[in-house]
Amino acid sequence: AFDEEFEEQLLAIRQSMSYYRCALMEVETKFKVLNEQFSLYYDRNPIESISTRIKSEASILRKLQNRNLPLSLESMEENIFDIAGVRVIGSFLEDIYDLANYFLKQDDVHLIETKDYIQHPKPNGYRSLHLIVEIPIFLANEKKWVKVEVQFRTIAMNFWASLEHKLRYKKELSQERLAEIDSELLECAKLCATLDQKMQNIKGSKLAQEL
Ligand code: 0O2
């Protein structure tokens, strides 16, 4: 009986992960379609790149433990919203909000939560627009609603976040040096925000429109 129960649990976990992978495919396609339409009408691609990832098992476990939540499949599905993650890198600041709005207007995309770290950057300087949504996936005999986190960033936001992520793991440094690095990273984040604004201004300027 124990073996059977264990096998059932494994199957349920595998099934759940497969639903998250299907949801990633759906969302990725939605952005590819938007990019295609933009290219056709405006002769430019607002999306620099799209990437997807499934959160690692270790990372899911850590998140549940840190929040003192039960370690079960139900608890994972109810509490962890970024198991399926899509990252959309847009060209200009304005593109980020346009893409997010076009995506949210689709009637099979249900918004659960918005975290706008562009309007309200994190204290360390992190900027990105996060949307938690629920989208349907169509299986042989049923329709399942699956949660996906979409992170929208400009190239500059992604540049900062990727390098900050790497630097954060240099834990062998002294407290003093770590504080210095944090403050240097915050300064870099501000420079990136200025760059984004300058690029957006150039794009919006009369000169660029005439080109
Ligand atoms: P990974 O490798 O992407 O899975 P929490 O997830 O508990 O920290 P919350 O509120 O659930 O917090 O999510 P939040 O802060 O809106 O977004 C979390 C994700 O955003 C992170 O996922 C990162 O991808 C990204 N992120 C948030 N803050 C930072 C930051 O300061 N620096 C960088 N580089 N990325 C950040 P994970 O799970 O941490 O990692």
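In what order do the 5 strands of the open sheet come? That was my opening question, and I kept in mind that I was looking at a predicted model.

**Entry 1: the sheet**

I read the order as E1-E2-E5-E4-E3, and the pairing in this open sheet is mixed. Then I looked at the edges. Strand E1 (47–54) and strand E3 (110–116) sit there, and each has a single partner strand, so one side of each lacks a neighbour in the sheet. I also looked up the twist: on average, neighbouring strands of this sheet are turned by 25 degrees against each other, direction ignored.

**Entry 2: E3 and E4**

Next I followed E3 to its partner. How many bridges join E3 to strand E4? I found 6, with E4 covering residues 129–138 and the two strands running antiparallel. I noted one pair by name: Asp116 has Leu129 in E4 as its bridge partner.

**Entry 3: the whole chain**

I stepped back to list the parts. The chain has 7 helices and 5 strands. Going from the N terminus, I wrote the elements down as α-β-α-α-β-α-β-β-β-α-α-α. I looked up the box too: along the principal axes, the C-alpha atoms of the chain fill roughly 75 × 55 × 20 Å.

**Entry 4: H5 on the sheet**

Which strands does helix H5 lie across? I got E1, strand E2 (84–90) and strand E5 (143–154). H5 itself spans residues 155–167 and runs at about 95 degrees to E5.

**Entry 5: H5 against H6**

H5 also has a helix partner, so to speak, in helix H6 (residues 175–204): their axes come within 9 Å and cross at roughly 165 degrees. An angle over 145 counts as roughly antiparallel, so that is how H5 and H6 are placed to each other. I noted their crossing as right-handed.

Then I checked who meets whom. From H5 I listed Ala156, Met157, Phe159, Trp160, Glu164 and Leu167. Facing them in H6 are Ile181, Leu185, Cys188, Ala189, Cys192, Leu195 and Asp196. The residues of this contact divide into 11 nonpolar, no polar and 2 charged.

**Entry 6: around the ligand**

Which of the 13 residues around the ligand come nearest? I wrote down Lys115, Tyr126, Ala161, Glu164 and His165. Helix H2 (57–66) and H5 are the elements that give two or more residues to this shell, and H5 has the largest share with 3 residues. By kind, I have 2 nonpolar, 5 polar and 6 charged residues in the shell.

Glu164 turns up twice in my notes, in the H5 contact with H6 and among the residues nearest the ligand.

Definitions and conventions. Residues numbered from 1 in each chain as written. Predicted model: local features only at pLDDT ≥ 70, side-chain atom pairs only at ≥ 80, totals over all residues. Pairing = 2+ DSSP bridges. Helix = DSSP H or I, 4+ residues; strand = E, 2+ residues; numbered from the N terminus. Axes fitted to C-alpha atoms, helices over the stretch in contact; angles between N-to-C directions. Contact = placed C-beta atoms within 7 Å. Near = placed C-beta within 6 Å. Nonpolar A, V, L, I, M, F, W, Y, C, P; charged D, E, K, R; others polar. Parallel < 35°, antiparallel > 145°, perpendicular 65-115°, else oblique. Left-handed = near helix turned anticlockwise from the far one by under 90°.
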